[in-house]
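Work through the exercises below with the structure in view. Try each task before you read its solution.

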2 protein chains.
Amino acid sequence: MAVYTEVTDDELSRLIADYGLGELLSYKGIAEGVENTNYMVHTSEGTFILTLYERRVDTRDLPFFLGLLEHLNQRGIRCPLPVHNKQGQVLSEISDRTAAVVTFLEGVWPRRPRAVHCTAVGQALAGLHLAGKDFAMKRTNALSLEGWHDLYDRIAARADEIARGLGDLIAYELAYLDRAWPRDLPSGVIHADLFPDNVFFIGENLSGLIDFYFACNDSWAYDLSICLNAWCFEPDFSFNATKSRALLAAYQAVRPLTAAERLAFPVLARGAALRFLLTRAHDWLHTDRNALVKPHDPNAYVRRLRFHQEVKSPSEYGLEAAS
Amino acid sequence: MAVYTEVTDDELSRLIADYGLGELLSYKGIAEGVENTNYMVHTSEGTFILTLYERRVDTRDLPFFLGLLEHLNQRGIRCPLPVHNKQGQVLSEISDRTAAVVTFLEGVWPRRPRAVHCTAVGQALAGLHLAGKDFAMKRTNALSLEGWHDLYDRIAARADEIARGLGDLIAYELAYLDRAWPRDLPSGVIHADLFPDNVFFIGENLSGLIDFYFACNDSWAYDLSICLNAWCFEPDFSFNATKSRALLAAYQAVRPLTAAERLAFPVLARGAALRFLLTRAHDWLHTDRNALVKPHDPNAYVRRLRFHQEVKSPSEYGLEAAS
C-alpha cells in the first residue's frame, strides 16, 4: 500500500477537465497497488481511478496494457476501461509522472475464497483468454523460464538466508523445467497475475478483473496454473482439491483443455509456483525492512512447489489424464 | 497516510448490513488520517467512511466527537454524519477495533489556499461556533496552556536538536503566555484543528468540514487564531495580510469579535503558533524516521511564532484596535 506521489487539486481539476469528465468532486489516495500510485476520483461524471506510473515502471509497455483493457471491454470482459482525453490519448502527464484514468469497478476481492469464487474465476479466465485472441499487440513474458534463470542468478548467493536449502531447491527445479517445460501449447494473451486481490465480487457474483500490468503472451494453461496456485491452497498451505476441481471444470466449460495441456499441467503448476517463489524471494532479499510495502513471504510458494513436485498425475488436480 | 488495520470483506459486509446500509459494493483503504485507519466504502445506499480507531485513541472521547457531528448536522453545518446501527449505536467493533461509519463528504482540500478560501473558512468557522452553542457535552482542551507546559517538559532536553535556541524560545514564550493568556473570552465548542486539509471545496464553494478529533471547549477567538496560523502564511512563511483580512472579516460578518477578543488576538495567535510548534516538535523527536507517517516540520511554526512576537497591534492582522 502506498501513495508515492502527491497530486494537487488544481492539477487534477485540469486533468479531469481534459479527459472530459466534468467537475472534480473528491479524490483520495488509496492504499492499493505496489508499483504505482492510485487515486480514487469522484467527478460529476462518475467514479474513476487515476494511476500515476512510478519511475520503475517501463512506460513503453503501457500502450499494450491499456490497449488490452480497451480490447477486452469491447468484447464484454468487465475490467477497467481507459478514458481518452480531448487529444484522443489515454496517457497524460501529472506531477511529473505518466498517468492514466480508468473507470472504477465496484466489487470486493475475497479474503477467504471459497469454491464458488474459484468457479467464477475459472469461467472468467477462459473468457479472458478467448476475448484476447484477436488482440493485435504482443508482449513477451519476461517472467518465463529464461527470466526465472535471470532472477535466480540475482538471488542465488543469498537464497539460503530465506530458508536453508532454498538455493539447491531452485537450482534443481530450474534444471527440471529446462527439460520438461512444454513449448507448443495453445497460447495468447494471459493475465499472469490473477490472484484473489485482482478479482472483484459483489456478493458471490464476479464483477470484474483488475491489474493487467503483468499481462503478456504465453500459454493459456500456464495462466490457469497460476490461478490454481493462487486460489486452491489454504492458509496452512494444504491443497484444496474441491476448489481446484471447481476452477478447472469452470474453465473447461468455456474452453476445454487439449490433451497436451492436461498432460503438461503438473509441469506448468511447478513453473507457476517457482515464478512466484522467485519474485517473492527477490523482493524479500531486496526490500528495506522499513519499506511502505511489505514483501510477501516466499515460503508460501516453497510449500506449493514441493506439493506440485509430488504430483504423479493431472488427475490429482481434478483433470482426467490425457488420453 | 496509513492503513494500520485490515478489514475482511465478510466482516465488513456484516457491519454494513448491521448499519442498514444495504449491500457492500467496494471499499478502499485511504491514505489519509494520521491517528486512525480509514476506508472509503461504497454500498447500495451511497458512499461512507469507515474509521477504525487505533489503540492510541482514547475511545472515551468518541461520544463527544460523534455526538458533536450529529449536533452540527442538525444545525445545518456540513460535516460527516455518524450512522446509527440497528442497536441505535454509532460505535461498533471490527477487526478488534472500535469503529464508526459516517457519511462521505464530496470536496477537495485546497493545496494552495487563496483569499476566497479564507473568506469561506472564516464564515464557516463562525457558523460552527454558533451552531455549537447548545451542544450539551463538554470536553476540556488538553492542548491549552497547561498542556503546553507538559509538552515542553517532555521535549525540553532535546528541543535544540531541532533548532539551536528552540528550548529557550519556548521557555520564554510560555513565561509570557502564563502572564498574558486571556481567561474570560467568549467560549464554546471549537474545532481546534481547522487546517486546509480539513476543509473541503467543490470549485470555490466550501462543501464541508472534517476531522473533529481535536474538538473541545475553549475560546472561540483562539480557534480563529489557529485558522489564521494555518491559512494566512505563505510557503515561504511570510504573512499574507490580504488572506488574514479576508478570514477575519468573513468571521466577523457572522459573529463580530468583542473588544476583549480583538485586544487579545495577538496573544492568542502566539499561543496557537506555540501549540503547533510544540506538538510538531514532540512528534519530530519521537517519530521513527522510517515511520509510515512523516512528521511535519516544527520550524514552520517557529517562524510563525516569531512573526506574532513582533506584532504591536491587532490592526496588523486586519482587526481594528479595541476601543
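**Exercise 1.** Find the residue of chain A that comes closest to the rotation axis.

*Solution.* Step 1: take the C-alpha positions of chain A. A:Ile30 comes closest to the rotation axis, at 2.2 Å. Step 2: check the partner surface. The same surface serves both copies, as 100% of the contact residues of chain A recur in chain B; contact means C-beta atoms, placed from the backbone, within 7 Å.

This is a predicted model: local features need pLDDT of at least 70, side-chain atom pairs count only at pLDDT 80 or more, and totals for chains, interfaces and linings use all residues. Residues are numbered from 1 along each chain as its sequence is written, while chains are lettered from A and ligands numbered from 1 in the order in which they are written.

**Exercise 2.** State which turn and shift lay chain A on chain B.

*Solution.* Step 1: superpose the copies (least squares on C-alpha atoms of residues with pLDDT of at least 70 in both). A turn of 180° and a shift of 0.0 Å along the axis give an RMSD of 0.0 Å. Step 2: name the relation. That is a two-fold axis.

**Exercise 3.** Describe the contact between the chains.

*Solution.* Step 1: count. Chain A gives 27 residues and chain B gives 27 residues. Step 2: find the elements (DSSP runs numbered from the N terminus: helices H or I, at least four residues; strands E, at least two). On chain A, helix H1 (9-18), strand E1 (24-29) and strand E2 (37-43) each supply at least two residues. E1(A) gives the most, with six residues.

Technical notes
Contact = placed C-beta atoms within 7 Å.
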